[in-house]
Amino acid sequence: QVKGRWWKEATAYQIYPRSFKDSNGDGIGDLNGIIDKLDYLKDLGIDLIWICPMYPSPNDDNGYDISDYQGIMAEFGTMADFDRLLEGVHQRGMRLILDLVVNHTSDEHPWFLESRASRDNPKRDWYIWRDGKNGAEPNNWESIFSGSAWKHDAATGQYFMHLFSSRQPDLNWENHEMRAAVYDMMRWWLDKGIDGFRIDAIAHMKKEPTLSDVPNPDKLPYAPSMVAHLNYDGLLDYVDDICRNVFDHYDIVTVGEMNGLDADHAEEWVGENRGRLNMVFQFEHVRLWEPQAGLRPTPAVLRKIFTAWQQALEGKGWNALYVENHDVTRIVSRWGDTERHWRESATCIAAMYFLMQGTPFIYQGQEIGMTNTRFASLEDFDDVSAHNKARDLREQGMSEAEIVAFLTRTGRDNSRTPMQWDASPYAGFSTHEPWLKVNPNYEMINVESQQHDPHSVLNFYRQMIHLRKREPALIYGRYESLLDDHEQIYAYGRVLGDERLVVLCNLSGKAAEWDARALSLDGATCVLANLSEGQEGNRLKAWETRVYKHA
Ligand code: TEU
Ligand code: CA
């Protein structure tokens, strides 16, 4: 058993650089802004930082369309700034991982410019080019960002594949020269001394080899195509090749963004005896909330998913724990209650996911309970996928107001509004109007106002992080699901030797009781709570959470 690895004990923090902190007053977050906030992160208890892409990019998808893998986006700074950032992180005893986006590049990447130049260009096969079929696209696949997954290129008369935006052509992982170039790039960053990678969209790298049409029972213009490229058969061969050529030669941490994986197959990806990735961001709890449903998941649903992952990897592999990132709406708006129990629900959900076995990730702003924002019109949205979706919905006959309402509920821009540092104009993020509007609630929800309030969401996170650092059972202990049939309370234990901690979360707006015969806290001490009163007997108030220790 590989125990005691630094990344298992770490608490991780995700930075969306465009929205974190602007240091030079142009309304755009940057690397020097991150450097300015390293002490804040250290003080919070963060050990590991993941920064979303900060490479040169035309910003069709805010940096996830990379035009130079070995540079820094001019708006974010220079390579010298990056080197200072890395040094600043290491000086403080923290680590830094970067976003590795190799399912696709930007259409402005030199590789693609060459590839599109002519049919016989040596890099033609680095991307996925096909002839059209009967005057239309090569197949009926829908892009993840709406519309066709193919774009016609007039210069050579063929189509190229793009599973995301049309400015993000997919790399052809069947091509070994392309792989070798990508591996050189990975080594270049690792040799610079970064501590690992979060691997973007890894689930989509392998495509169904014949690129045939997918079933389209609803006769849509383009058919949902996940069956042909989400965790498709053979994907693990690509992963093995990356590991053998690059990852195996470094002492790093790797986290794959792995939609389409369930607990039953988790070990294949992160089983310690398989030697592949260290962790994956699984999607089962995130996909629960599909726009259409919009319903808060019950404890039973969450318990089922999380318990399956906890049990599948016990003693075999390691979980990445998260409830927010830059692709999903804010968790307190999604699962909590921002109207009546904002603080309580933000902290209750926090304790629920954070104290399981795995490395917890916090997305910027989550630690102060940032919420979804308001959008007055389509112009308030930045995200390319939101605009593509709007186009589709308009074609389906939806009104502008309905589209805005739909995107307000579901849009990724909700989690990309500038970080709320204080109550000054633009929330202390910048002195200039930011690239995306600040959430109007910044005067109420911000770091400064929570810093010295012992009951704030921020201080709950800080206490929770430090509790986890103190209690080995919260890191290495076995997870046990408790109160299995409870309709309001999600409860679990963490057991290591003689130590036992119990996490209780009332995920509802009503008081909840449990049967003391099913779970007794006799002799246990409360070590973390989100309400100062309460703590009486077998009863939790609305959205109350308490953590107990038996010793
Ligand atoms: O997201 C990709 C992603 O979430 C897919 O893997 C997922 O299967 C799909 O969205 C299901 O709805 C990453 C980044 O996190 C995101 O910000 C980028 O826009 C995207 O890749 C393209 O690079
Ligand atoms: Ca700036």
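Helix α4 runs over residues 79–91, and its 13 residues reach 18 Å from the first C-alpha to the last. That's close to the 18 Å expected at 1.5 Å a residue. Keep in mind that this is a predicted model. Besides α4, there's a calcium ion (ligand 2) to look at, held by residues that include Asp22 and Asp26.

**The two faces of α4**
- Tucked away in α4 are Asp81, Phe82, Leu85, Leu86, Gly88 and Val89, which are buried.
- These buried residues sit on the same side of α4, because they cover an arc of only 160° around the axis.
- An α-helix has 3.6 residues a turn, so residues three or four places apart point the same way.
- Flip to the face turned away from the buried side and you'll find the exposed residues Ala80 and Gln91.
- What do the buried residues of α4 pack against? Their partners are α2 (31–36), α3 (38–44), β2 (48–51), β3 (95–100) and α6 (176–192).

**The ends of α4**
- At the start of α4, Thr78 has a side-chain oxygen within 3.3 Å of the backbone nitrogen of Ala80.
- After α4 comes Gly93, with a positive phi near 75°.

**The calcium ion**
- The calcium ion (ligand 2) is coordinated by Asp22 (OD), Asn24 (OD1), Asp26 (OD), Ile28 (O) and Asp30 (OD), at 2.2 to 2.4 Å.
- Along the chain, its donors follow the spacing D-x1-N-x1-D-x1-I-x1-D.
- Is Asp22 buried or exposed? Its relative accessibility is 5%, so Asp22 counts as buried.
- Asp26, on the other hand, is partly exposed, with a relative accessible area of 30%.

Methods. Residues numbered from 1 in each chain as written. Chains lettered and ligands numbered in written order. Predicted model: local features only at pLDDT ≥ 70, side-chain atom pairs only at ≥ 80, totals over all residues. Heavy atoms only, no water. Helix = DSSP H or I, 4+ residues; strand = E, 2+ residues; numbered from the N terminus. Expected span 1.5 Å × (residues − 1). Buried < 20%, exposed > 50% of the residue type's maximum accessible area, 1.4 Å probe, protein only. Arc of directions from axis to C-beta. Contact = heavy atoms within 4.5 Å. Polar contact = N/O pair within 3.5 Å; in protein donor to acceptor, adjacent residues only side chain to side chain. Donors = N, O, S within 2.8 Å, 3.2 Å for Na, K, Ca; no water.
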